[in-house]
Amino acid sequence: MNRNYHCLTKSRSLGLKPLTLIALLFLNLCSIHGLSQDQEEFTISGVVSDQNTGETLIGVNVLIPELRAGVITNAYGFYSITLPKGRYEFLYSTLGYASLAKSIELTASITQDIELAENAEQLEEVVIKTDVEALDIATPQMSVNALTAQTIKNIPVVLGEADVIKSLLLLPGVSNAGEGASGFNVRGGAADQNLILLDEATIFNSSHLFGFFSVFNPDAIKDLKLYKGSIPARYGGRVSSVLDIYQKEGNSKNLKMSGGIGAVASRLLIEGPIKENQAAFLVGGRGSYAHLFLPLFDIDNTAYFYDLNTKINYRLDERNSLYLSGYFGRDYFGIQDSFINSYGNAVFNFRWNHNFSDKLFSNLSLIYSNYYYGLELDFVGFKWDSGIENFNLKYDFNHYLSKDFQLNYGLQNIHYGFNPGKIIPNRPDSGIVEDQLTQKYANEAALYVDLEWGISDDLRAEIGLRGSHFIRFGQDEFNLYANDAPVTFDPFLLIYQEADPTETIRLGRWERLKTYSNLEPRIAASYTLSDDLSIKASYTKLSQYLHLLSNTSSPTPLDVWTPSGPYVQPQRLDQYAIGVFSTIDDRNYSIEVEAYYKDVAHRIDYIDGANLVANNAIEQVILDGDARAYGLEFLLRKNKGDFQGWLAYTLSKSQQKTAPRNENEIGINNGQWYNTPYDKPHDLSIFGSYTINSSWKINGNFIYQTGLPTNYPIGQFDFQNVVVPFYGLRNQQRLPDYHRLDISATYRPKRKPNRVYQSEWVFSIYNLYNRQNAASINFRQNADTGVNEAVRTSIFGLVPAVTYNFKF
């Protein structure tokens, strides 16, 4: 009798519901102990690393083909699997490395560390991957994509600077608000609904130079995954997606340097051993210098960015490892010293890995994250500082109970501090009085458990539960309103207006102003129809307690984060997804088709004419709304041969609604659903890479997207000889459709024998046919003819670039 069925029957006889967490845990235990009565089991565990650098490898497939069983290395390269006594053929494989087959006889529990050799041909072979190449059909994980650093460097981008965020935009379900827009949108969600992690630390602004570049140095990236749905229970706090990025740990065997010199920026990365095979460091820097050439054109402005990546790791012994990592980035933009804007992220992370046993792996993280925004207006005479910071404690466990069960669980606590803004006079005669907007504080705690369950050879499931608890603490000034309504409605003018506070109170720093608690279940399942075909389905529930105050289509550095509280409820998401996954022609091609539906409750909306800058009573311009998004995603990949690439198409809809609160109100947009500012019904991306020979490779991508929603005037009237336009309902019109073609060619000089130094030249052209895509369309009256006219604003035309990359 199947041991899973035997244990399930036993749990029913005890009166337990098999789908409850208690029964699942009982099933785990009886599955292990029940089998051990008939046959001995032993555990093989270890760490998989790079043979040349000592870098631990994430997502390596550890397969036992004869048992149709396997496991994947975790974020620190650790794996563990328990099998019956016997001799087995183990296959270790991952992208970019030569597969390793090893025959191992299990007569006792053993530690088996593995080093994989880099395979140069394979490094260029697969341009997009999922968590597991050989098990991607069977695993219940869906709605996840990953890009390698090499793929990111292959994709042609503006000004030739390899860019993580721009590369993600070529994946199905991912878009942004246009050229030069910061952030990204996933499955119809807003940019602030994405959780962006760098070595587990939160990044609040992912862009340099207002969206032209991302903050991530591709040379320092070890692993990147984007979860669009079926999000594991260890993640929380955002309702749209999770972008999880890990930095390299550093080469523990040899001192290495790599970098690149581009048209607008250069980068350099140094890594090497502190103690060979035991401790290593990594330092990477990147900066732009285009502003140095502006004086040649008599332009007295400045715009540049820089960032620094650092990491140290130390393996104390076989069971303990320590990591210190950090990131610091700044942007600077100035206009003739009269306007100066600076902003950026700073993060620091200390981690301790500990193996309690060959089946129980743990990671303790202490994390600090900060986002700063500064503005100086010299012609007015003041400086403006704002930002957000958090202190994060995480403790995560991976428990490998058996080859059919893995239990992941842990806890997290984040303390937030919000500085909405402080104004400071920058000279004695400015007439500006120093003022501090009310600072806010909050705490978000969570517990989670996630079970990966191999129910049978064909059916697998991942069942998770996250419990979150949010506390909004007291502050120096807090407004009270009649009927708890900070926004009122004028029935005569038919508009929403700011209410006047009835009282302002002061609460102690640790007093509880408001608390919220949410249970967030997650479930995903896969059924394998054959070795090359499976169907998957998932349900995900998420809560988000932070909100980005922005009434633009993409985030700007001036936008301010605010916590949930008495007048602003947390956003809550329910997402459903179903998909079909297939490989054909011996995995030469793969096809993924997914459909999804998302409901978001308590998505904030703004009254018409809302002022979000330096507003000390932001609740007076916020309304409670709902959002929904649904769509169909298609991804066709070619994974092998001289030509590789993918075609991604998304058909989707993203809408928002703010209904009237009572029968006397009309709501926003007459209470009807309207397009979100980032709704794009059609989104097509094609990427291709062709290796001509060992020296030359050409890459290209084509993008076509429906134009973004906007509002055009639908009429006009004269008021005291002034023509005043008026507009209809929200986001009823659209900008012209967006499309462009980018190409690049990479030349690698023939490498001389025994030569350590390697280099390559990358020649790229962004927007090859010089399409003038509209960033905006404004209307004005022609001064000569008096006729109204539309004026299109475009950001980029054809942009050539050259980049030189090197490593030694």
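**Exercise 1. Decide whether D404 is buried or exposed, and describe its salt bridge with K403.**

Solution. Begin with the relative accessible area of D404, which is 12%. The classes are set with a 1.4 Å probe on protein chains only: buried means under 20% relative accessible area, exposed means over 50%, and partly exposed lies in between. D404 is therefore buried, whereas K403, at 23% relative accessibility, counts as partly exposed. Next, take the contact between the two side chains, for which the N to O distance is 3.6 Å. A salt bridge requires a side-chain nitrogen of Lys or Arg within 4 Å of a carboxyl oxygen of Asp or Glu, and K403 and D404 do meet in one.

The structure is a predicted model, in which local features need pLDDT of at least 70 and side-chain atom pairs count only at pLDDT 80 or more, while totals for chains, interfaces and linings use all residues. Residues are numbered from 1 along each chain as its sequence is written, and side-chain values use heavy atoms, with hydrogens and water left out.

**Exercise 2. Find which parts of the chain are tied together by the salt bridge of D378 with R427.**

Solution. First, note that the side chains of D378 and R427 form a salt bridge with an N to O distance of 3.8 Å. Then locate the partners, using strands that are DSSP runs of E, at least two residues in length, numbered from the N terminus. D378 lies in the loop between strand 24 (360-377) and strand 25 (382-402), and R427 in the loop between strand 26 (405-425) and strand 27 (435-436), so the pair ties together parts that are 49 residues apart in sequence. Finally, check accessibility: D378 is partly exposed at 32%, and R427 is partly exposed at 29%.

**Exercise 3. Do the same for D531 and R68, and state how many salt bridges the rule gives.**

Solution. In the salt bridge between D531 and R68, the closest N and O atoms are 3.9 Å apart. D531 sits in the loop between strand 34 (512-530) and strand 35 (533-544), and R68 in the loop between strand 2 (61-64) and strand 3 (69-72), so this pair links parts that are 463 residues apart in sequence. D531 is exposed, with a relative accessible area of 58%. Over the structure, the rule gives 34 salt bridges.

Notes: Helix = DSSP H or I, 4+ residues; strand = E, 2+ residues; numbered from the N terminus.
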